[in-house]
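Student: I should like to learn how the features of a structural model are read. Could we work through one example together?

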Amino acid sequence: MDKTLRNIGTTFCLPGEMDNFEIITNGNVNTTYKVSYKEDEGATDYIFQKINTVAFHHPEEIMENIDRVTRHINEYFPDDDTLLFYRDSDGRNYCYDEDGNFWRVMNYVDSITFNSCDDLNVVESVGQAFGHFAMQLSDFDGSVLYETIPDFHNTEKRLSTLFEDTENEEYKGERLDEIAEDLAYIAKVRELASGLSVKYNAHELPVRVTHNDTKCNNVLFSKETLQPLVVIDYDTIMPGMAIYDFGDAVRSIANHSSEGETDLSQVYLDKEKFTAFSKGYFSQVKDSLTKEEIESMALGAFSITIELASRFLDDYIKGDVYFNVAYPKHNLDRGRCQLALAKDMYDNLDDMKAIIEEMCK
Ligand code: GN1
Ligand code: MG
């Protein structure tokens, strides 16, 4: 590995001599190293990342999206932190190693992250960070970006896929029988949950630059001030709905419980966390959103939660082929947990809307 990393450093013209490296293990998809370089006057750390091309079929499209988005942020918000990707002598922000693996190199930011958010100040800061990111990119034409995972948040299509799969002989059996009640609920709310994606596909909602992984630990915080520094993980940046980035954050951060909780009495929308996240988020981005986007945010949280429930349940009947599972009923538990959360969101749509309205005054 030492030699591979050195060669990559040379490709990207990093100054000085490679001193040491360590593997960073939080991340399930790509392989990440922190690599230190020594120069006359000190040392600099970098992140070297090998992209998992099983998960990401067109990594060069991801890098092109990243390039466009980070250029925009650097140009219009020169004082803000953003990730910096190094280039080879031909100006490319990626390279291949001798075995054909796909690599990129970025600056290392000395920071901390939070895997879960019980502290409301942290929740508000995470909201601020994602709101700021959305604001920075609000006048960027999202339609020029590659859709690196086609129909990723096309809820209408996701739900159709689920119901088609329930008719497929290949997936008939115990698992399908087990989820009859869950399917009945999804069928009941199918039209409501699909509505925003139908509008988006009919070009009736703005095409935004979306992050698509708006979870707590994708925000870096300063170790000293505990202020948010920068949003990370640009791999799923694509054209999409701002409403769903907000919704997905609410789904993951404002659930009172965790994503696969089996005690469903513990699964509900935590209003304090919802309020704190919304406060941070809208403080940054409210002036950049349309009235319709703002009014659709609560429904977006409900819709994306139904969407993810359907993805988990679909994967369950297919035999757990997409999501990693820790035990046989993991996808079933996750699906039911998301449905329980969605039901609580449904009961609280008006409250959520009122809180958002207050934050956008
Ligand atoms: C996947 O890999 P991870 O955990 O960041 C999924 C998201 C889901 C999430 C649920 C590319 O994200 O859409 O919300 O699981 N990402 C992809 O845990 O499918
Ligand atoms: Mg991710």
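**Reading the model by its features**

Tutor: Aspartate 333 belongs to helix 10, which spans residues 330–347. The model is a predicted one. With a relative accessibility of 16%, aspartate 333 counts as buried.

Student: Which residue is separated from aspartate 333 by 5.6 Å between C-alpha atoms?

Tutor: That residue is glycine 260, and the two positions are 73 residues apart along the chain.

Student: Let us turn to the metal. Which residues coordinate the magnesium ion, ligand 2?

Tutor: The magnesium ion is coordinated by Asp213 and Asp233, each through OD, at 2.0 to 2.2 Å. Aspartate 213 sits in the loop between strand 6 (208–210) and strand 7 (219–221), and aspartate 233 in the loop between strand 8 (228–231) and strand 9 (238–240), so the pair ties together parts that are 20 residues apart in sequence. As water is not among the atoms, the site may look incomplete.

Student: Is aspartate 233 buried, partly exposed or exposed?

Tutor: Aspartate 233 is partly exposed, because its relative accessibility is 25% and the partly exposed class lies between 20% and 50%.

Student: Which residues are found around ligand 1?

Tutor: The residues around ligand 1 are Ile149, Phe152, Asp213, Lys215, Arg251, Glu259, Leu308, Arg311, Tyr322 and Phe323. This shell divides into 5 nonpolar and 5 charged residues, with no polar ones. Asp213 thus appears here and also among the residues that coordinate the magnesium ion.

Student: Which side chains place a polar atom 2.5 Å from an oxygen atom of ligand 1?

Tutor: Glutamate 259 has a polar side-chain atom at 2.5 Å from an oxygen atom of ligand 1. For tyrosine 322, an N or O atom of the side chain is likewise 2.5 Å from an oxygen atom of the ligand. In the case of aspartate 213, the corresponding distance is 3.2 Å. On its own, ligand 1 has 440 Å² of accessible area, and the protein covers 72% of that area.

Student: How should a pair of aromatic rings be described?

Tutor: Two quantities describe a pair of aromatic rings: the distance of the centres and the angle of the planes. In this model the count comes to 19 aromatic pairs. One of them joins phenylalanine 246 and phenylalanine 282, with 5.1 Å from centre to centre and 45 degrees between the planes, a tilted arrangement. The pair links distant parts of the chain, since phenylalanine 246 lies in helix 7 (residues 242–253) and phenylalanine 282 in helix 8 (residues 271–285), 36 residues apart. Both phenylalanine 246 and phenylalanine 282 are buried.

Student: Why is the pair of phenylalanine 277 and tyrosine 281 stacked?

Tutor: The ring centres of phenylalanine 277 and tyrosine 281 are 5.9 Å apart and their planes stand at 20 degrees, so the pair is stacked; the cut-off for that class is under 30 degrees. Both residues lie in helix 8, and their separation of 4 residues is about one turn of the helix. Phenylalanine 277 and tyrosine 281 are both buried.

Student: Which residues form one aromatic cluster?

Tutor: The cluster is formed by Phe246, Phe274, Phe277, Tyr281 and Phe282. Helix 7 also holds valine 250, which is buried, with a relative accessible area of 1%. The C-alpha atoms of valine 250 and threonine 275 are separated by 9.8 Å, and the two residues are 25 apart along the chain.

Student: What should one look for in the backbone angles?

Tutor: Most residues other than glycine have a negative phi. Aspartate 151 has a positive value, near 55 degrees. Aspartate 151 is in the loop between helix 3 (120–136) and helix 4 (155–167), and is partly exposed, with a relative accessible area of 29%. Asparagine 212 is not a glycine either, yet has a positive phi of about 70 degrees. Asparagine 212 occupies the loop between strand 6 and strand 7 and counts as buried at 10% relative accessibility.

Student: Where is aspartate 119 placed, and which backbone nitrogen lies 2.7 Å from a polar atom of its side chain?

Tutor: Aspartate 119 is in the loop between strand 5 (102–107) and helix 3, and the nitrogen belongs to asparagine 121. Aspartate 119 is partly exposed, at a relative accessible area of 40%.

Notes:
Residues are numbered from 1 along each chain as its sequence is written. Chains are lettered from A and ligands numbered from 1 in the order in which they are written. This is a predicted model: local features need pLDDT of at least 70, side-chain atom pairs count only at pLDDT 80 or more; totals for chains, interfaces and linings use all residues. Side-chain values use heavy atoms; hydrogens and water are left out. Donors are N, O and S atoms within 2.8 Å of the metal (3.2 Å for Na, K and Ca); water is not among the atoms, so sites may look incomplete. Helices (H or I, at least four residues) and strands (E, at least two) are DSSP runs, numbered from the N terminus. Buried means under 20% relative accessible area, exposed over 50%, partly exposed in between (1.4 Å probe, protein chains only). A residue is near a molecule or strand if one of its heavy atoms lies within 4 Å of it. A polar contact is a pair of N or O atoms within 3.5 Å; within protein, one must be able to donate a hydrogen and the other to accept it, and residues adjacent in sequence count only if both atoms are side-chain atoms. Accessible areas come from the Shrake-Rupley method with a 1.4 Å probe; for residues, only the protein chains shown count as cover. Ala, Val, Leu, Ile, Met, Phe, Trp, Tyr, Cys and Pro count as nonpolar, Asp, Glu, Lys and Arg as charged, and the others, Gly among them, as polar. Rings of Phe, Tyr and Trp (its six-membered ring) pair if their centres lie within 6.5 Å; planes under 30 degrees apart count as stacked, over 60 as edge-to-face and the rest as tilted.
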